[in-house]
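Got the viewer open? Here's a short tour, one selection at a time.

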Amino acid sequence: MLSHHVICSLCSEPFGDPRILPCLHSFCFRCLCTDVHESEPRQHIQCPMCNRNAPVPLEGVAALPRNLHLAFEVEVAGYVSKMTSPSEVSCNFCANACTDAAIAFCGMCCKFLCKGGLECHSQVPQLSSHKVLDLDPESAVLLPKLLKPTAPNCSQCDQVNAMMNFYCQTCSLSACPLCVIAFHKDHNVAKLSTIADTQRDEMKKSLQHAQETVAMLDRAIDANHMMMQQVVTSRQEAELALEKAFKELLDTLEERKKELLLELETITLSVTMSLTAQKEQLEKIREEIRCYTDITCRVLQTHADHEVVALRDLLPAELEAILTMVENISLSPSQHCFLTSFVQTNPLVNELRKFGDVVNLLPAPQESTFTLPSTVRASLKCCVKVETKTPQGMRYPHGGLHLKAELQSTSHDGPVIPGRIEDHGDGIYTVTLIPCYIGLHQLRITMEGQHVQRSPYDLEVRCDYTTLLSAQQAISVDAKPLCTAIHDNGDIYVGCLDDLIRIFDQSGCLKSVIGSSGTGSGQFKCPSGISIKGDVMYIADFRNHRIQKLTVVGDFLCAFGEKGSGPGQFNGPRSVITADSKDRLVVLDKGNHRVQILSQEGDWLLTLDDNDLSGSGAFRDPWGIALDFHDHLHVSTWDSNSIKVFTLEGAQVRTYGIVKGPRGVAVNEEGYSFVSEFDGDSLAIFDPEGNKIHTVGDLNKPYGATISHTGNLYIPNFGGCNVLKYYM
């Protein structure tokens, strides 16, 4: 039995010369001819499968392309059907009109062989390598893999076995070599294999795109199916909620009805008891009056004088007593009562007619939000809370939505980090991410293919200081480095013990050298501190006891200060800072155990020393200074092995850290402090409260500490003759 895919849907027979329509559906040539009615040509033909209109070529149906692959499958299916048919198949190999039953099939000749034909076939040397199959179902299974489609003959010359090796792009026709010479001499002709390879590449791209589209549609169908299930589930839940709400209303009305009926019964009983008591009293008085009237009538009827005289006092007294009782009792009903129920149904009915609502609570991505932790650190798990909301601003009460989260570094060429989604089933989702890099990232969160509110979101990932182990870059310096400063363009300025300032680019390559050893302008003796502001730098010229102001390319501008202890004088200035909020210079005057604050032109403004600060020895043997974002001054002191913090007005804020020979200190914008421990060959890290959280070892006499505007840390490694860079 033939497979359904080789059967024409119009005639229900195997395809005969199948032609393919632009919609990619195929039909028999004869069926299409019948449908189009060649005698009455039409401009369009409607596909019987998809009902799409397809243009009919001017040459008619015959110009529609053949479905060669389908035609080959029909041919193979015919061979397979004959090989598995219980009836005999005649031989078509022998030259004479052989009617003997075939017993084999040659997969190369595509011929059925009788017993004699099989013997002849095996004796021909050129045919000895052909694969011959027995006529049975097991061999028929192998046939589709054995047969190969043959190239059609040239359509222009119809030469037998004329291989169409060329393709005329001008005529859009395949051609054999002879036809190329005869009919396509000046046309754009290329090798058929080249065109086919190009087309294969295009088809592979189209196939990939189609597969991606199918995958996208699969996801959309899954989402649609999930939404349909969710609609059914939510409908059931809504029905239960409605049943519950209206049952509660009915129960409440029934309970209120019982309360009103009980209240009515209570009032009725009270009124009835009062009226009954009054009735009994009136009936009693009436009986007493009747008794009086009966006696009085009898006396008057007998006319016995002695009886009248005997009752002359008793009867009036009794009558007076009865009349007194009548006067003292109300003759009107004790209760004037007409019971009714005041149940105003109209307002309640009107409200009930509008009571409740059924709304479509599908979430709106533009209303849904996400919440990030205050700080995201590299290599640590970050949990993002996503809350889906409806267009009405309510939280979506169900889960099951398709959420996708991605985190990608915008400062590194790294991979996209997918987020793990946890569905809590109540409209809340938790996205878990683990950033790989430090720096700027973009967080993208989509719901059903649409960005939620604030997505994409620019996110800065910071360093996890507790996991900092070693420098990410070591810049070799051919001298002992004392200090560093970083220009906004990323260039690294290194002051060295050989009285020179070296400039390196970001990759660590030496760009230039500034200065020389001496006391002249632009010369240095131990440049121990550098600070850069814009295109100007200030150098703490330690042994020349002065501050020099140069351009960043080394042009001398001015110098100020001389050896001494007066205002504006120095005794070995160790560090200089230009980063305070008032654009002043802060100079660590090491030999004088003080800090001086100057204008950028060198004018003295303020001195902070032991005389101005609370506590003796506050500035004893200072080595490094740094300013934090509060304009608090952090001073590392060798004598106390600690860091002391002051305001720029001289008030001591706190003291933190027990370090081994502190030299340089730097504070980043988060408030974390980094202290180079010269004696401990390490780097100590403190949190904003001054608690030591981590120590980085394996340094060699670190001398200073500098943080660039991008947040990276640079340590002049004195003993290692290099500068260590830590990415933050």
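In what order do the four strands of the open sheet with antiparallel pairing run? The order is β21-β44-β43-β42. Keep in mind as you click around that this is a predicted model.

**Stop 1: the sheet**

Select residues 473-476 for β21 and 706-707 for β42. These are the edge strands, each of which pairs on one side only. Now add residues 713-717, which make up β43. β42 and β43 run antiparallel to each other and are joined over two bridges. To find one of the residue pairs, pick Thr 706 and look across into β43, where Tyr 714 is its bridge partner. If you show hydrogen bonds, look along the backbone: that is how strands of a sheet pair, whether parallel or antiparallel.

**Stop 2: aromatic pairs**

Next, show the side chains of Phe, Tyr and Trp. There are 13 aromatic pairs in the structure. Start with Tyr 465 and Tyr 672: their ring centres sit 4.6 Å apart with the planes at 50°, so this is a tilted pair. Where does each partner come from? Tyr 465 is in the loop between β20 (457-462) and β21, while Tyr 672 is in the loop between β38 (662-667) and β39 (673-677). The pair therefore ties together parts of the chain 207 residues apart in sequence. Switch on a surface and check these two tyrosines: both Tyr 465 and Tyr 672 are buried.

Move on to Trp 623 and Trp 638. With ring centres 5.6 Å apart and planes at 45°, this pair is tilted too. Trp 623 belongs to strand β34 (residues 622-627), and Trp 638 to the loop between β35 (632-637) and β36 (642-647), with the two positions 15 residues apart in sequence. Buried or partly exposed: which is each tryptophan? Trp 623 has a relative accessible area of 12%, so it is buried. Trp 638 comes out at 25%, so it is partly exposed. Now extend the selection to Phe 678, Tyr 703 and Phe 718, which form one aromatic cluster with Trp 623 and Trp 638.

**Stop 3: Asp 491**

Select Asp 491, in the loop between β22 (481-486) and β23 (492-496). Is this loop residue buried or exposed? Its relative accessibility is 8%, so Asp 491 counts as buried. What does its side chain reach? There is a polar contact, at 2.8 Å, between the side chains of Asp 491 and Lys 511. Setting aside neighbours within four places in sequence, Asp 491 also has Ala 485, Ile 486, Ile 503, Phe 504 and Asp 505 among its contacts. Try the distance tool on Ile 503: its C-alpha is 6.6 Å from that of Asp 491, and the two are 12 residues apart in sequence.

**Last stop: zoom out**

Finally, show the whole chain as a cartoon. The secondary structure adds up to nine helices and 44 strands. The radius of gyration is 53 Å, well over the 27 Å that the globule rule gives for 728 residues, so the chain is more spread out than a compact globule. Its C-alpha atoms fill a box of roughly 175 × 125 × 50 Å along the principal axes. Colour by accessibility and you can pick out the buried residues, which make up 38% of the 728. As a surface, the chain exposes about 41,800 Å², with carbon and sulfur atoms supplying 54% of that.

Terms used:
Residues are numbered from 1 along each chain as its sequence is written. This is a predicted model: local features need pLDDT of at least 70, side-chain atom pairs count only at pLDDT 80 or more; totals for chains, interfaces and linings use all residues. Side-chain values use heavy atoms; hydrogens and water are left out. Buried means under 20% relative accessible area, exposed over 50%, partly exposed in between (1.4 Å probe, protein chains only). Contact means heavy atoms within 4.5 Å. A polar contact is a pair of N or O atoms within 3.5 Å; within protein, one must be able to donate a hydrogen and the other to accept it, and residues adjacent in sequence count only if both atoms are side-chain atoms. Two strands pair if DSSP finds at least two bridges between them. The radius of gyration is taken over C-alpha atoms; the globule rule is 2.2 Å times the number of residues to the power 0.38. Accessible areas come from the Shrake-Rupley method with a 1.4 Å probe; for residues, only the protein chains shown count as cover. Rings of Phe, Tyr and Trp (its six-membered ring) pair if their centres lie within 6.5 Å; planes under 30 degrees apart count as stacked, over 60 as edge-to-face and the rest as tilted.
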